[in-house]
Every structure is written in C-alpha cells, then in structure tokens.
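Work through these exercises with the structure open. Try each task before you read its solution.

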Amino acid sequence: MAHRVTLIPGDGVGPEITRAACRVIDSVLPVEWEVVEAGEAVIPEYGNPLPDYVLESVKKNKVALKGPLTTPVGKGFRSVNVTLRQELDLYANVRPARNLPGISTRYDGVDLIVVRENTEDLYAGIEHRVGRDAAESIKIITREASTRIARFAFELARRQGRKKVTAVHKANIMKLSDGLFLECARQVAESYPDIIFEDMIVDAMCMKLVQSPENYDVLVLPNLYGDIVSDLCAGLVGGLGVAPGANIGDAAAVFEPVHGSAPKHAGRNKVNPLAVILSGVLMLQHLGEVEAAGCIMRAVEQVLAEKTHLTYDLGGTAGTDEMSAAVIAAIPR
Ligand code: NAD
C-alpha cells in the first residue's frame, strides 16, 4: 500500500523544489501526497498562515515533506515553521552534514549530525517591548525538554553506531538556563557508557568546527545555537543546497531542507533541489523504506560525482528540473 504523506509545498522556491523531490520519490515507490498550503498566501482566506487543516493533515498522516516558508523579519506573523514544530511537539531537529562525492570543500572526513532542541529556548517566542527603547526576550530551558533531546541524541548515536555526543552550551554565562541543559545532558550520558560524552561552549565549538570538523560526531544543542551551528555545518560540506533536515516528535515527523525560501530565486528553476530530495531520503528511512532511500542516495551521489548536471551553487549551470531529472535518470530500473 502506498504511504500517505502530507506535502506542504511552502513558498518562494518551495513549490519548485518540493515538486522536484516528489518526482524523484515517485520514481522509486508510490506515495499518496496530500497537498496542504500554508504561509502568507493563505492568510486572506483563513486569517492565519498555519490553518488547522495543515496540523490535522500532519497529525493524521504522521509524516510530512515540507518546503520552506517565508517569515517576515521584525514584524508580521509568528514563524509558521516554529509554530508547526511547537504545535506538533516535533522536539528533535536532526540535520546531518557529511561530505558528498564530487563536492569539493575545505574539509574531508566530515560526518556530523546536529541534533537541535526544537520547542523552547529563545524560540518560545515570549518577548515584549519595555518602553520605547528596550525589548526583552525570555529564554526557556526545561529539564523535561533538555532530557528528552539528550536522550534522543544518544539513542540516535547508538542506533547509527556513532561514537561521541557533544553537548553544546554557554553555561559559563547562562549558568541557570544553559546550566540546566548541560546538567540534563550529563545525567543522560551516564546511561550510555558505550558512547563518549563531552561538552563544549558554543563559541569554542564554532571555532573547532571550522578547524577540525572531522573530530565531531553527534552534536546536541538548545534551539538557537542549534539553528546557527547547523547552518555552519551545512557550509562545511557544500552549503545550504545540500543540507537536509528532519523535525521529529513522538507522534509525527516533518522533513524539510535546512535552507529558507530564497525569495530572490523563486520561480526561476535555479536553486538546488538536493536539500529537499535528501530530506526525502531521511523521510523514506523514517518510513522504513531503506532500500528506496538507498536507491535515491546512490543516484544523488552519482549525479554529484559526474558533475554534469549541477546547479549554480555547486559550480554548474543546470536548473532545478535538470538536476532532479538527472537524479531520476540515475535510479536503476
Ligand atoms: P535562505 O536559506 O532562503 O537563503 C540564503 C542563501 O542561500 C541565499 O543566498 C540563497 O540564494 C541560498 N540558497 C538557499 N537555498 C538554496 C538552494 N536550494 N540552492 C542554492 N542556493 C540556495 O535564507 P534567507 O534568505 O535568510 O531566508 C529567506 C526566508 O526563508 C526568510 O523569510 C526566512 O525566515 C525563511 N526561512 C524558512 C525556513 C523554513 O521554512 N524552515 C528556514 C530558514 C529560513
């Protein structure tokens, strides 16, 4: 029976890259896509960028593939991406970053997984103005969420045969909030004696990642540091065009690229579809379709290694459609 998956095309470049990814996935196994729109475009009709039907669809199907959604800067509605993660309690944001064949970067041997807490920290969205000339934003760190994400990171490490988990924090300055995050990570680590545990202050982590990323394995971070460090890690292995992501909870999972809606490229058949195609690979793995996931992964690696159908960000001149067609052509029949 075909899997039923919610498809949120997103806006900006979202519709063209998710269309490309669906074609690739459809070429290896049947999926029934339930398409639901969200974002600014649906506000006039529903009065809300994240109407209930989107949440209901993901809750029902339990799995979604999502394109990026634009969030206005400094004004307008609350981020749909953040709200979706909080409403569905998608507490673990998983962003792998590893070297891919054919993409030359400054680093070899990078094979990292960033595990970012996805529901609290400064992204809780509790902020207010204090008079005209000040503003306050509240950072929430709880024992429950910190323990849950640390356990998720260790379980993932164990499942994937990984050797080390590094907890990233700023507990030297934020002794109570980041201190609690670190305390929880340390406690969880005691139950995983087979996995090395270390902790690192976030600024030192950034420096170490650009000096010797091959020394790191699984990183676990509170929400804000996780957001920033995962983009840094994407930069180590070829940029946002090849950086997939997953938002995982106990009841549902939403797969989406790390990058945003890149509005300046929207509708130009220009951007790299691989980040969303690789998010589709993570989705298929999550669905237990390991063979189909492997098929797409090998096809992606072949296209990258051949270097003849690459988008601009990887030094080529191919468009979104040409690159995804090359991936489909590389899938063995
Ligand atoms: P962006 O990721 O959209 O773009 C940053 C840069 O990366 C741009 O120069 C763009 O050209 C390049 N880029 C992005 N995706 C690419 C791809 N697939 N192939 C090649 N190049 C690519 O970041 P931004 O400009 O800061 O954000 C634009 C909008 O996206 C904002 O409204 C932001 O809030 C939103 N956003 C959404 C999500 C999400 O939906 N999960 C994530 C991040 C940002």
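**Exercise 1.** Find which residues of helix 1 are buried.

*Solution.* The model is predicted. Count a residue as buried if its relative accessible area is under 20%. Go along helix 1 with that cut-off. The buried residues are Gly14, Glu16, Ile17, Thr18, Ala20, Ala21, Cys22, Val24 and Ile25.

**Exercise 2.** Check the span of helix 1 against its number of residues.

*Solution.* Helix 1 covers residues 14-26, which is 13 residues. Take 1.5 Å times one less than the number of residues. The expected span is 18 Å. Now look at the end C-alpha atoms: they are 18 Å apart, so the two values agree.

**Exercise 3.** Work out where the largest nonpolar core lies with respect to domain 1 and domain 2.

*Solution.* Start with the members. This core has 70 residues. Those touching the most other members are Ile25, Trp33, Leu65, Val115, Met283, Ile296 and Leu304. Helix 10 (residues 290-306) gives the most, with nine residues. Next, use the domains. Domain 1 (1-101 + 239-333) and domain 2 (106-237) both contribute residues, so the core lies between them. Another core, of 18 residues, lies apart from it; Val114, Val202, Leu209 and Tyr216 are among its members.

**Exercise 4.** Find which residues are closest to the ligand, then look for polar contacts to its oxygen atoms.

*Solution.* The ligand is surrounded by 22 residues, and the closest are Leu69, Thr71, Gly260, Ala262 and Tyr312. For polar contacts, look for N or O pairs within 3.5 Å.

- Thr71: a backbone N or O atom is 2.8 Å from a ligand oxygen atom.
- Ser261: a backbone N or O atom is 3.0 Å from a ligand oxygen atom.
- His265: a side-chain N or O atom is 2.9 Å from a ligand oxygen atom.

Terms used
Residues numbered from 1 in each chain as written. Predicted model: local features only at pLDDT ≥ 70, side-chain atom pairs only at ≥ 80, totals over all residues. Heavy atoms only, no water. Helix = DSSP H or I, 4+ residues; strand = E, 2+ residues; numbered from the N terminus. Buried < 20%, exposed > 50% of the residue type's maximum accessible area, 1.4 Å probe, protein only. Core = buried A, V, L, I, M, F, W, Y, C linked by side-chain atoms within 4.5 Å. Domains from an automatic or database assignment. Near = heavy atom within 4 Å. Polar contact = N/O pair within 3.5 Å; in protein donor to acceptor, adjacent residues only side chain to side chain.
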